[in-house]
Amino acid sequence: MSQFLTEITRQSANPIWPLFDKICSIPHPSKHEQALSDYIVSWAEAKGLAVKADEVGNLIIKKPATLGMEDRKGVVLQAHIDMVPQKNEDTEHDFTLDPIKPYIDGEWVTATGTTLGADNGIGMASCLAVLGSDDVAHGPLEVLLTIDEEAGMTGAFGLKEGLLEGEILLNTDSEQEGEVYMGCAGGVDAGFTFDIEREQAASGNVNKKLIIKGLKGGHSGCDIHTGRANANKLVARFLAGHAEELGIQLTEIRGGSLRNAIPREAFVSLSLPEQNVAELERLFSLYTEMVKTELAAIETGLVSFIEDVDTDAQVFTKESQTKLIAALNACPNGVIRMSDDIEGVVETSLNLGVITTEENSVAALCLIRSLIDSGRSQVESMLRSVATLAGANIEFSGAYPGWKPDANSEIMAIFRDMYQEIYGHKPNIMVIHAGLECGLFKEPYPNMDMVSFGPTIKFPHSPDEKVKIDTVDLFWEQMVALLKHIPTKA
């Protein structure tokens, strides 16, 4: 038994925690879920449950109804297997080899220097806990565990009709206790490619690296409205203001690591005249202090510094550099529009998530999210215009639909009434500005009735990710009660 499990079981007898601890011990970042998938298959088979993988790697596990519940509507419990791999710069961790190290921090569980994987590991553990329990009453049950949700929703895209029998789907990928979701944003990836020509740096130049780090980052859907800074945009802003006057010649620019995570760090390698180094240091320091003042209420950990670089790499030509900097600075980012229909919910947003440099090109990857197709199309048009002005190529890929709210949802009404019965007040019925898989499930299963709920998880997609312990207990309580309240078949 791990130290974490020993400590958490002193606080809670919730059957989710032992399973979550096991999930943390098996590496499972997006695209590398096979080891965890294999464990789950073995675990299910050992319990005599029917389990199979579909053609893309999703797992489907079936469990018969408990005694007296055979006439209830079939339920699909759903979670995704993969997690977002993010770590602090000074943390040594290989997400494909090393286990996540959870620990208790007051009222929360978090991880040492990395994402925790509570998104969606707690939901996945809850599904397995129901499968493994002899005490939870339920009708005919299926558990659907999808692959690659965080890096492209490959599993949800690949789910075929006819594999699932249930009429109701309970998605466990929400992140605020007291809220139940009945809709979500759709999205699309936008990829810029800037062709770069290079030349020798000017004689007498020295090489430096600008570094911005310590930002909070976070989920590019759930956290996009919080005013958190985007490291990619911060370095673009500085270069747009000072590259020309300082005689800066770029050799590399990079920042962020996932299109669905707000970038926490960015790095610019450059060459400039030696006589301008002192001015670079002065201006970069002034810029950092200005940004700290602007973001004082939000970004309390922002740091910047300049390092010496030993390189013989060629620099970007002036034309290539000018167009690139202008495009990155002009690229929209953050909240584009708030919803008129749902108070406090973002309608359309954009995250400039990743910038990378190759020998002859720079790539920038964005994620557009919107509750409405026209909002997504508007941002696509804006990015096409930026690309046109900069002479860049742009491609859109991986589009996924939103999940349109159903005002007549039976399972939503059941959840609402169940919640009221237990806690004496109704939950907040919400639409989330994030990409839940429910919208994709509606393609092969258009008549499936769906809701999404979960415990309180803060700062997903960042090393600050944490889950509130008491809300995991509430989440389990709601799961058990909801399964008991599933109506009979028509």
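1. A residue is called buried when its relative accessible area is under 20%. By that cut-off Lys208 is buried, because its relative accessible area is 12%. The model discussed in this note is a predicted one.

2. Lys208 forms a salt bridge with Asp308, and the closest N and O atoms of the pair are 2.3 Å apart. This contact links distant parts of the chain: Lys208 belongs to strand E11 (residues 205-213) and Asp308 to strand E14 (residues 303-308), 100 residues apart. Unlike the buried Lys208, Asp308 counts as exposed, at 62% relative accessibility.

3. A second pairing concerns Glu410 and Lys73, whose side chains meet in a salt bridge at 2.8 Å, N to O. Glu410 lies in helix H10 (residues 410-423), whereas Lys73 lies in the loop between strand E2 (59-63) and strand E3 (75-80), so the pair ties together parts that are 337 residues apart in sequence. Glu410 is partly exposed, with a relative accessibility of 34%, while Lys73 is buried at 13%.

4. Asp71 and Arg72 also form a salt bridge, with 3.8 Å between the closest N and O atoms. Asp71 counts as partly exposed at 42% relative accessibility; Arg72, at 18%, counts as buried.

5. The pairs described above belong to a wider set, as the structure holds 20 salt bridges. Lys62, Glu142 and Glu165 are linked in a network of such contacts. In general, side chains of opposite charge can pair when their charged atoms come close.

6. The largest pocket holds about 420 Å³ of space. It is lined by 21 residues, of which Glu179, Tyr181, Cys222, His225 and Ile432 are the closest to its centre. By class, the lining divides into 10 nonpolar, 6 polar and 5 charged residues.

7. Three strands each supply at least two residues of the lining of the largest pocket: E8 (179-184), E20 (428-432) and E22 (457-458). Strand E20 gives the most to this lining, with 3 residues.

8. Asp135 merits a separate remark. Its place is in the loop between helix H4 (118-132) and strand E6 (141-146). Asp135 is exposed, because its relative accessible area of 74% is over the 50% cut-off. Asp135 and Lys101 are 34 residues apart along the chain, and their C-alpha atoms are separated by 30 Å.

Key. Residues are numbered from 1 along each chain as its sequence is written. This is a predicted model: local features need pLDDT of at least 70, side-chain atom pairs count only at pLDDT 80 or more; totals for chains, interfaces and linings use all residues. Side-chain values use heavy atoms; hydrogens and water are left out. On a 1 Å grid over the protein atoms alone, a cavity is a set of points where a 1.4 Å probe fits but cannot get out, and a pocket is an open set with protein on both sides within 12 Å along at least five of seven lines; lining residues have an atom within 4 Å of a point. Grid points are joined across faces, edges and corners, and a volume is the space filled by probe spheres set on the points. Helices (H or I, at least four residues) and strands (E, at least two) are DSSP runs, numbered from the N terminus. Ala, Val, Leu, Ile, Met, Phe, Trp, Tyr, Cys and Pro count as nonpolar, Asp, Glu, Lys and Arg as charged, and the others, Gly among them, as polar. Buried means under 20% relative accessible area, exposed over 50%, partly exposed in between (1.4 Å probe, protein chains only). A salt bridge is a side-chain nitrogen of Lys or Arg within 4 Å of a carboxyl oxygen of Asp or Glu.
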